[in-house]
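Good morning, everyone, and thank you for making the time. Please have the sequence and the model open while I talk, as I will move through the structure one region at a time.

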Amino acid sequence: MDIRTQLTHQIELKSFAKKQVVYRSGVPAKGFYYVDEGLVGLYQVSETGKESLLRIYGPGSFFGYRSLFTNQHYPSTARAMLASKIVHVDVNDFKSLDLVAPSLADFLMKEVCAELGEAEKRLMQFNAFSAKKRILDTIYYVFHTYPEYPWTYREIGEYSGTDTTTVIRYCKTLKESGILESNSRKPLPVSLHQLADYRKSLLVN
């Protein structure tokens, strides 16, 4: 969706360096964002300072828009995972957006529902599936969806809800089985098709 055709005065293109924060958890929401280029991660930070990677947004993705519906502060921290160009949309409530760009407002309303469904599905997976399955599914998802990013064991652990030590240990087994590249210091699938077949062959819940 090309937001430039629907919004003119309300948008501003900004550049962010790798690891630069777009907005922090707890600050008042000021509009929402669109990824023009690059990659953005949404992180939850615990009271002890530990981060968890909740969502990943690539080119063409909107984020930070739940504030349009809730009028709350940003609940999580957004940070560029790669050098990124991000459009900031200066519209702070759903009614204002619906007046200037009704089709975009309708689209974002559906996106909120889709994200809620995805969040419920992930919560179910955390409760019902083993760490092995979560790790395998996460590796497949991130490399299938965002293959240009150099994924780390820590990030796979954060996204799968698994501690980094467990991810490293299991990925070592996957390297020995020929599922991951044995000569790579990072978790790199030999083939996504092979990874998917391996996942199907395992009796893990």
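Let me start with a question: does Lys-19 count as buried or exposed, and at what relative accessibility? Before I answer, please keep in mind that this is a predicted model, and that everything I say today is computed from that model. Lys-19 counts as exposed, because its relative accessibility is 63%, and the cut-off for calling a residue exposed is over 50%. As for where to look, Lys-19 sits in the loop that connects strand S1, residues 11-16, with strand S2, residues 21-23.

There are two further things to say about Lys-19. The first is its backbone: phi of Lys-19 is near 80 degrees, which is a positive value in a residue other than glycine. For those of you who have not met this angle often, most residues other than glycine have a negative phi. The second is its surroundings, since Lys-19 gathers with Lys-18, Arg-185 and Lys-186 in a patch of positive charge on the surface.

Now to the sheet. As a reminder, the strands of a sheet pair through backbone hydrogen bonds, and they can do this in a parallel or an antiparallel way. Here we have an open sheet of 4 strands, in the order S1-S8-S3-S6, with antiparallel pairing. Its edge strands are S1 and S6, the latter being residues 62-63, and each of these pairs on one side only.

Let us walk across the sheet in that order. S1 and S8 run antiparallel and are joined by 6 bridges, and if you want one contact to find on your screen, take Leu-13, whose bridge partner in S8 is Val-87. The next pair is S8 with S3, again in the antiparallel sense, with 5 bridges between them, and here Tyr-34 stands opposite Val-87 in S8. Val-87 is therefore a useful landmark, because S8, the strand to which it belongs, covers residues 84-89 and is largely enclosed by the rest of the structure, with 5 of its 6 residues buried. Finally, S3, residues 32-37, pairs with S6 over 2 bridges, also in the antiparallel sense, and in this pairing Tyr-33 has Phe-63 of S6 as its bridge partner.

Let me turn from the backbone to the side chains, and in particular to the charged ones. Side chains of opposite charge can pair when their charged atoms come close. How many salt bridges does the model contain? The count comes to 5, and I will take you through three examples.

The first example is in helix H3, residues 102-128, where Lys-110 and Asp-106 lie 4 residues apart, about one turn of the helix. Their side chains meet in a salt bridge, with 3.4 Å from N to O. Lys-110 counts as exposed, because its relative accessibility is 54%, whereas Asp-106 is partly exposed, with a relative accessible area of 38%.

The second example is in helix H4, residues 131-145, where Lys-133 and Asp-137 are separated by about one helical turn because they are 4 residues apart. The closest N and O atoms of this salt bridge are 2.2 Å apart. Lys-133 is buried, with a relative accessible area of 7%, while Asp-137 is partly exposed at 26%.

The third example takes us to helix H5, residues 153-160, in which Glu-158 and Arg-154 are 4 residues apart, about one turn of the helix. The salt bridge between their side chains spans 2.8 Å from N to O. Glu-158 counts as buried, at 14% relative accessibility, and Arg-154 is partly exposed, with a relative accessible area of 41%. Going back to the second example for a moment, Lys-133 and Asp-137 belong to one network with Arg-199, joined by salt bridges that share partners.

Why do we describe H5 as largely enclosed by the rest of the structure? We do so because 7 of its 8 residues are buried, among them Tyr-153, Ile-156, Gly-157 and Tyr-159. After H5 comes Gly-161, which has a positive phi, near 70 degrees.

That brings me to the end of my tour, and I am happy to go back to any region you would like to see again.

Methods
Residues are numbered from 1 along each chain as its sequence is written. Side-chain values use heavy atoms; hydrogens and water are left out. Patches are made of residues with over 30% relative accessible area and no salt bridge: like charges are joined within 9 Å, nonpolar side chains (Val, Leu, Ile, Met, Phe, Trp, Tyr) within 5 Å. Accessible areas come from the Shrake-Rupley method with a 1.4 Å probe; for residues, only the protein chains shown count as cover. A salt bridge is a side-chain nitrogen of Lys or Arg within 4 Å of a carboxyl oxygen of Asp or Glu. Lys and Arg count as positive and Asp and Glu as negative; His and the chain ends are not counted. The place of a charge is taken as NZ of Lys, CZ of Arg, CG of Asp or CD of Glu. Buried means under 20% relative accessible area, exposed over 50%, partly exposed in between (1.4 Å probe, protein chains only). Two strands pair if DSSP finds at least two bridges between them.
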